[in-house]
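Look at the sequence and the model below. This report covers cysteines, aromatic rings and a pocket, in that order.

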Amino acid sequence: MAALLLWATAAPGAGLDTSLVRAAGMKPYPVPLTAPAFRLPRLGDDASRTKGNYRGQVVLLNFWASWCPPCREEFPSLERLQEQFEGEEFTVLAVTVADDAVGVERFLGGREVPFDILIDTTERTADAYRAAGVPVTYLLDREGRLLAGKSGPDEWDSPAMVRLIRAAVEEQ
């Protein structure tokens, strides 16, 4: 669980119902935590993206790698989750760690994904989020604050996760 121990400062806010978070298999944080900033290139066009680009959206931030078998297995559920929330203020954000665009493109096999994939070749962003190993996933609110986290793979479009994301999206 070391991956979920963040060196972040507490931010004001109530957070989500912890029973929803736990039912979805994530660890709730007692208060929303200020997430570290980042600037990473996006797969496909190398345009830099920062945490600020996703402000106003609930974000499921997934640290993964194309060479990681559990990551490869859970990836389709991230795509299905994004598709369920199409047009809403929610996005999956996949950050590939210790990987490169060639490996990711080989894994994707030419198919388009419905969310951004960012490339963290230096692992600095993963380190800042204390994402030791992959996969590691965090749920961020519209202000970019960490609400919950999970180390290890999951079925991200499960009914419990959809309920959690729905609650986060509907929270004002």
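The model is a predicted one, and the search for disulfides in it gives a count of 0. A disulfide is a covalent bond between the sulfur atoms of two cysteines. For the count, two cysteine sulfur atoms would have to lie within 2.5 Å. Cys68 counts as buried because its relative accessibility, 4%, is under the 20% limit. Cys71 has a relative accessible area of 1%, so Cys71 is buried by that limit too.

The next topic is the aromatic rings. A pair of aromatic rings is described by the distance of the centres and the angle of the planes. Across the whole structure, 8 aromatic pairs are found. Two of the pairs involving Trp64 are set out here.

| Pair | Centre to centre | Angle between planes | Type |
|---|---|---|---|
| Trp64 and Phe75 | 4.8 Å | 45° | tilted |
| Trp64 and Phe107 | 5.6 Å | 55° | tilted |

Why is the pair of Trp64 and Phe75 called tilted? Planes under 30 degrees apart would be stacked and planes over 60 edge-to-face, so an angle of 45° falls in the tilted class.

Where in the chain do these rings come from? Trp64 belongs to strand 4, residues 58-64, and Phe75 to helix 2, residues 69-84. These two residues are 11 apart, and their pair links distant parts of the chain. Phe107 is in helix 3, residues 101-108, and the pair of Trp64 with Phe107 spans 43 residues. This pair, too, links distant parts of the chain.

Are these rings buried or exposed? Trp64 and Phe75 are both buried. For Trp64 the relative accessible area is 0%. Phe107 has a value of 15%, which is under 20%, so Phe107 is buried as well.

Trp64, Phe75 and Phe107 belong to one aromatic cluster together with Phe115. Phe107 also has a charge over its ring: the charged end of Arg111 sits there, 5.7 Å from the ring centre.

Arg111 and Phe115 appear again in the lining of the largest pocket. This pocket holds about 240 Å³ of space. Its lining also includes Arg42, Leu43, Gly44, Glu105 and Leu108. Further lining residues are Gly110, Glu112, Val113, Asp116 and Ile117. Helix 3 and strand 6, residues 116-120, are the elements that each give two or more residues to this lining. Sorted by class, the lining has 5 nonpolar, 2 polar and 5 charged residues.

Notes
Residues numbered from 1 in each chain as written. Predicted model: local features only at pLDDT ≥ 70, side-chain atom pairs only at ≥ 80, totals over all residues. Heavy atoms only, no water. Phe/Tyr/Trp six-rings, centres within 6.5 Å; stacked < 30°, edge-to-face > 60°. Helix = DSSP H or I, 4+ residues; strand = E, 2+ residues; numbered from the N terminus. Buried < 20%, exposed > 50% of the residue type's maximum accessible area, 1.4 Å probe, protein only. Lys NZ or Arg CZ within 6 Å of the ring centre and 35° of its normal. 1 Å grid on protein atoms, 1.4 Å probe; cavity = no way out; pocket = protein on both sides within 12 Å on 5 of 7 lines; lining within 4 Å. Points joined across faces, edges and corners; volume = space filled by probe spheres on them. Nonpolar A, V, L, I, M, F, W, Y, C, P; charged D, E, K, R; others polar.
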